[in-house]
Amino acid sequence: MFKPNLKLNEIAVGKRAIVKKINSNESIKRRLLDIGLTPGSKIECVLSSPSGDPKAYLIKGALIAIRNEDSNMIIVEAC
Amino acid sequence: MKKKTEKIDYIIALAGNPNVGKSTVFNNLTGLRQHTGNWPGKTVSNASGNYIFDNENYLIYDLPGTYSLNAHSTEEEVARDFICFGNYDVAVIVCDAVCLERNLNLVLQVLEITNKSIICVNLLDEAKKKKIKIDLVKLSDYLGVPVVGSSASKGKGMKELVKKISLMVKVKTNSYLKIDYNETIEKAIKTVESNINNVNLNKRWLALKLLDDDYELINSLNHSLGYNIIDNELEEVINKAKQILLENDITSNNLKEYVISAINKKAEFIYHQTVTLGSINYNQKDLKIDKWLTSKWTGIPFMLALLATIFWITIVGANYPSSWLFDFLFSIDKYLKQFLEFINSPTWLIGMLVDGVYRVLAWVISVMLPPMLIFFPLFTLLEDAGILPRIAFNLDKYFKKCYTCGKQALTMAMGFGCNAVGVTGCRIIDSPRERLIAMITNAFVPCNGRYPTLISIITMFLIGGSLGGFTSVISTLLLVGVILIGIFMTFLISKILSKTILKGYPSSFTLELPPYRKPQFGKVIIRSILDRSLFVLGRAVIVAAPAGLVIWLLANIDINNISLLNHCANALEPFANLFGLDGVILMAFILGFPANEIVFPIIIMTYMATGQIIELDNLEALKTLLIDNGWTITTAICVMLFSLMHWPCSTTCLTIKKESKSWKWTLISILIPTITGLIVCFIVSHILNIFL
């Protein structure tokens with residue numbers, strides 16, 4: 001079922017999603033694009049750190065840690 | 001090692017994303033012909049080295065690993081400036097076959113700047129395990145440059161790479177890879193492009209950067225040209241072109257985004273044309289290790305256990321070689337004396353050279369070398385295996401609470417080896433504010449020059465004599481305790497700095513957790529001995545020798561039958577007493593500014609009033625000496641705390657100056673740990689004196 005405005009930090013460990021839109025500010029957005037987090041790409045939440053923040057996501061074959069406050073700005077669609 | 005007089009025929013730049021095995025490729029190509037890398041002093045790159053092929057000498061610069069050339073951090077800036085303006089013949093871009101799509105991003109950015117490139121698709125063995133197939137021929141067709149496949153850790157593909165490089169250096173071309181942007185941007189580029197003159201760069205790319213207001217790049221360009229590229233005429237054209245963009249709602253902010261998405265799109269296209277995917281799942285074995293290393297209950301305890309294990313191995317392992325070296329070096333000095341007497345040297349010279357310079361050197365070497373030879377390889381193994389980024393991952397939350405970022409955990413870890421290295425390592429931190437904080441607080445991590453002192457004091461004063469086999473375990477635990485105090489202070493001071501002179505909010509944080517890789521034991525050991533241990537030891541020797549001389553002079557020049565050293569110590573005594581120390585100890589810390597390793601020897605030397613370091617059979621004798629000179633458990637604890645928290649050594653200070661480009665921040669980096677140490681010692685000594 002499609003949920004509008006689902007955020008990346010709401011994706012549970014082990015679940016996948018497709019990136020829809022990045023609402024972060026310009027510099028963070030560019031950094032995220034650089035590491036391959038582009039709209040349309042598939043992403044999986046793989047790990048959570050001991051405190052639950054940051055979490056690590058599988059992005060285009062690489063595992064990358066992103067803080068919840070940044071993933072909170074990324075709109076995704078569950079899949 | 002390469003001699004400076006050797007002729008260099010070609011220069012190769014090695015670029016690539018982090019964690020793609022770039023340094024493995026580098027090590028494979030250069031073997032042991034490397035210049036000390038990864039240490040302060042190199043501005044261009046992490047390391048450089050050379051190799052000979054067909055009687056021609058190739059010099060390779062290993063550039064910092066970066067995801068893009070957008071220059072978010074200092075490391076990226078260094079890499080970008082070298083790719084743009086560096087005087088090299090071929091750029092080799094190393095890619096990770098497992099995540100080629102992301103790597104292509106950087107490849108395309110480099111190919112826009114230089115066509116004298118070769119792509120090295122590394123880690124083909126890992127890709128094969130994941131059933132990822134890459135059509136290298138097709139990839140080469142799309143990119144317009146040679147592509148070599150490799151598994152550098154097994155040495156595969158290196159011969160072909162060397163050969164392709166040797167062909168490429170002789171090719172002269174000036175066509176660049178073209179990335180298609182939308183119609184408006186293309187129009188704006190064309191307007192500017194035709195007005196750029198006399199620049200040996202891809203004009204199309206440069207036009208885009210001029211439109212993009214990439215000031216840092218333009219500054220670097222002007223610097224390398226020696227004049228301002230933007231003259232009145234060009235400025236007019238740029239403004240006209242920007243007008244075209246604005247009319248189509250493209251501002252300087254979203255222009256960058258258009259550019260990045262165009263590159264991403266091309267990367268995606270090429271990727272889909274050349275790669276057939278097997279499994280996209282994360283490696284299940286890695287996932288199991290990760291769950292242990294990062295889970296709520298086991299993550300932090302595991303890290304502490306790891307830290308303790310490394311120090312335990314270092315303490316136990318260094319014990320015997322250290323005393324052997326000590327016995328050996330101190331047994332030679334009488335022959336040195338005999339020799340100097342034989343050639344009729346005056347007595348004062350013999351005293352100065354043997355009792356002053358030689359004995360301080362002998363002490364520094366025997367105390368430092370064994371722990372370094374154990375600690376550095378162990379640490380490099382952790383680095384190689386991919387454990388360190390997990391530590392940063394676990395600790396990021398706490399750093400964020402102090403308004404900094406988890407990468408500071410990595411620079412702290414480097415500080416265990418050498419604080420100067422830790423300070424240089426701070427380049428990986430993107431935000432300048434967080435980077436400064438990491439640099440200022442790095443001294444709170446005890447470096448290799450300090451924990452021998454800490455361990456000796458722990459063993460003498462904090463552990464009751466006869467614990468037998470457990471002594472080393474308890475020493476280790478207490479040492480870890482001391483280190484935890486240092487880490488706590490790092491957090492505290494970081495937070496205070498973030499609230500006061502370095503105000504700001506934590507920036508974003510992205511950190512790659514690379515797959516676990518079996519470290520290449522043999523190579524790691526050789527590398528870490530050559531690059532790290534000998535380098536640090538060399539530095540210590542260079543500063544210890546003159547320091548030995550100065551100390552000998554201070555100890556042997558008498559005024560009113562009291563040595564200068566004692567005069568100074570007496571003058572410092574009342575001040576030092578406030579902090580649970582004595583004048584001699586404080587004097588030793590001051591004289592130890594060139595190298596922390598010599599602090600303890602100076603203390604001993606002064607107490608003995610012999611004006612020379614003499615051999616002490618064992619720690620028991622040393623303890624008696626210290627107690628006779630008024631040491632109590634309070635003194636021992638305060639010396640440890642002050643050793644943990646005082647001014648960074650001279651090398652670290654110079655490195656901070658170089659990295660921060662500011663005397664102000666260097667001074668602050670000296671003052672903050674010193675004041676912190678004094679305050680802590682003051683409080684602790686006064687509290688302890690009430691109870692003891």
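Leaving aside neighbours within four places in sequence, with which residues is B:Leu479 in contact? In this predicted model, the partners of B:Leu479 are B:Phe311, B:Ile315, B:Tyr451, B:Leu454, B:Ile455 and B:Ile458. B:Leu479 also belongs to the largest nonpolar core, which has 134 residues. Along with B:Phe600, B:Ile603, B:Leu626 and B:Trp631, B:Leu479 touches the most other members of that core. The biggest contribution comes from helix α14 of chain B, residues 347-385, which supplies 15 residues. Another core lies apart from this one. It holds 67 residues, among them B:Ala13, B:Leu111, B:Leu143 and B:Ala267.

B:Leu139 sits in helix α5 of chain B, which spans residues 136-143. The relative accessible area of B:Leu139 is 1%, and the residue is buried. Beyond four places in sequence, the contacts of B:Leu139 are B:Leu100, B:Leu104, B:Val121, B:Val147, B:Ile270 and B:Thr274. B:Thr274 is 135 residues away from B:Leu139 along the chain, yet their C-alpha atoms are separated by 6.0 Å.

Two further helices of chain B were examined for burial. The first is α16, residues 407-417. Ten of the eleven residues of α16 are buried, so the helix is largely enclosed by the rest of the structure. The buried set comprises B:Lys407, B:Gln408, B:Ala409, B:Leu410, B:Thr411, B:Met412, B:Ala413, B:Gly415, B:Phe416 and B:Gly417. B:Lys407 also takes part in a network of salt bridges, together with A:Arg31, B:Glu76 and B:Asp430.

The second helix is α7, residues 183-193 of chain B. Here the buried residues are B:Thr184, B:Ile185, B:Glu186, B:Ala188, B:Ile189, B:Thr191 and B:Val192. They pack against three helices of chain B: α8 (203-211), α10 (232-247) and α11 (252-274). B:Asn182 caps the N-terminal end of α7(B). A side-chain oxygen of B:Asn182 lies 3.2 Å from the backbone nitrogen of B:Thr184. B:Glu186 forms a salt bridge with B:Arg204, at 2.9 Å from N to O. This pair links distant parts of the chain, with B:Glu186 in α7 and B:Arg204 in α8 of chain B, 18 residues apart. Both B:Glu186 and B:Arg204 are buried.

Chains A and B share an interface. The size of an interface is often given as the accessible area lost when the parts come together. Between chain B and chain A, about 3600 Å² is buried, with 55% of it on carbon and sulfur atoms. In chain B, the residues that lose the most area to chain A are B:Glu257, B:Phe393 and B:Thr510. Together these three account for 16% of what that side buries. The contact draws 45 residues from chain B and 36 residues from chain A.

Polar and charged pairs also span the interface. Twelve residue pairs are in polar contact between chain B and chain A, counting pairs with both residues at pLDDT 80 or more. On the side of chain B that touches chain A, two or more residues come from each of α3 (100-113), α11, α12 (284-294), α13 (299-342), α15 (388-401) and β10 (510-512). Helix α15(B) gives the most, with six residues. By character, the residues of this side divide into 14 nonpolar, 17 polar and 14 charged.

Over all chains, the whole structure contains 29 salt bridges. Seven salt bridges are found across the interface of chain B and chain A. B:Lys400 pairs with A:Asp53, the closest N and O atoms being 3.1 Å apart. B:Lys400 lies in helix α15 of chain B and A:Asp53 in the loop between β3 (42-48) and β4 (55-59) of chain A, so the pair joins two chains. Both B:Lys400 and A:Asp53 are buried. A:Glu69 lies in helix α2 of chain A, residues 68-71, so its pairing with B:Lys400 in α15 of chain B also joins two chains. In this salt bridge between A:Glu69 and B:Lys400, the closest N and O atoms are 3.3 Å apart. A:Glu69 is partly exposed, with a relative accessible area of 35%. B:Lys400, at 18% relative accessibility, counts as buried, because the cut-off for burial is under 20%.

Definitions and conventions
Residues are numbered from 1 along each chain as its sequence is written. Chains are lettered from A and ligands numbered from 1 in the order in which they are written. This is a predicted model: local features need pLDDT of at least 70, side-chain atom pairs count only at pLDDT 80 or more; totals for chains, interfaces and linings use all residues. Side-chain values use heavy atoms; hydrogens and water are left out. A nonpolar core is a set of buried Ala, Val, Leu, Ile, Met, Phe, Trp, Tyr and Cys residues joined through side-chain atoms within 4.5 Å. Buried means under 20% relative accessible area, exposed over 50%, partly exposed in between (1.4 Å probe, protein chains only). Helices (H or I, at least four residues) and strands (E, at least two) are DSSP runs, numbered from the N terminus. Contact means heavy atoms within 4.5 Å. A polar contact is a pair of N or O atoms within 3.5 Å; within protein, one must be able to donate a hydrogen and the other to accept it, and residues adjacent in sequence count only if both atoms are side-chain atoms. Buried area is the accessible area (1.4 Å probe) that two parts lose on being put together, summed over both. A salt bridge is a side-chain nitrogen of Lys or Arg within 4 Å of a carboxyl oxygen of Asp or Glu. Ala, Val, Leu, Ile, Met, Phe, Trp, Tyr, Cys and Pro count as nonpolar, Asp, Glu, Lys and Arg as charged, and the others, Gly among them, as polar.
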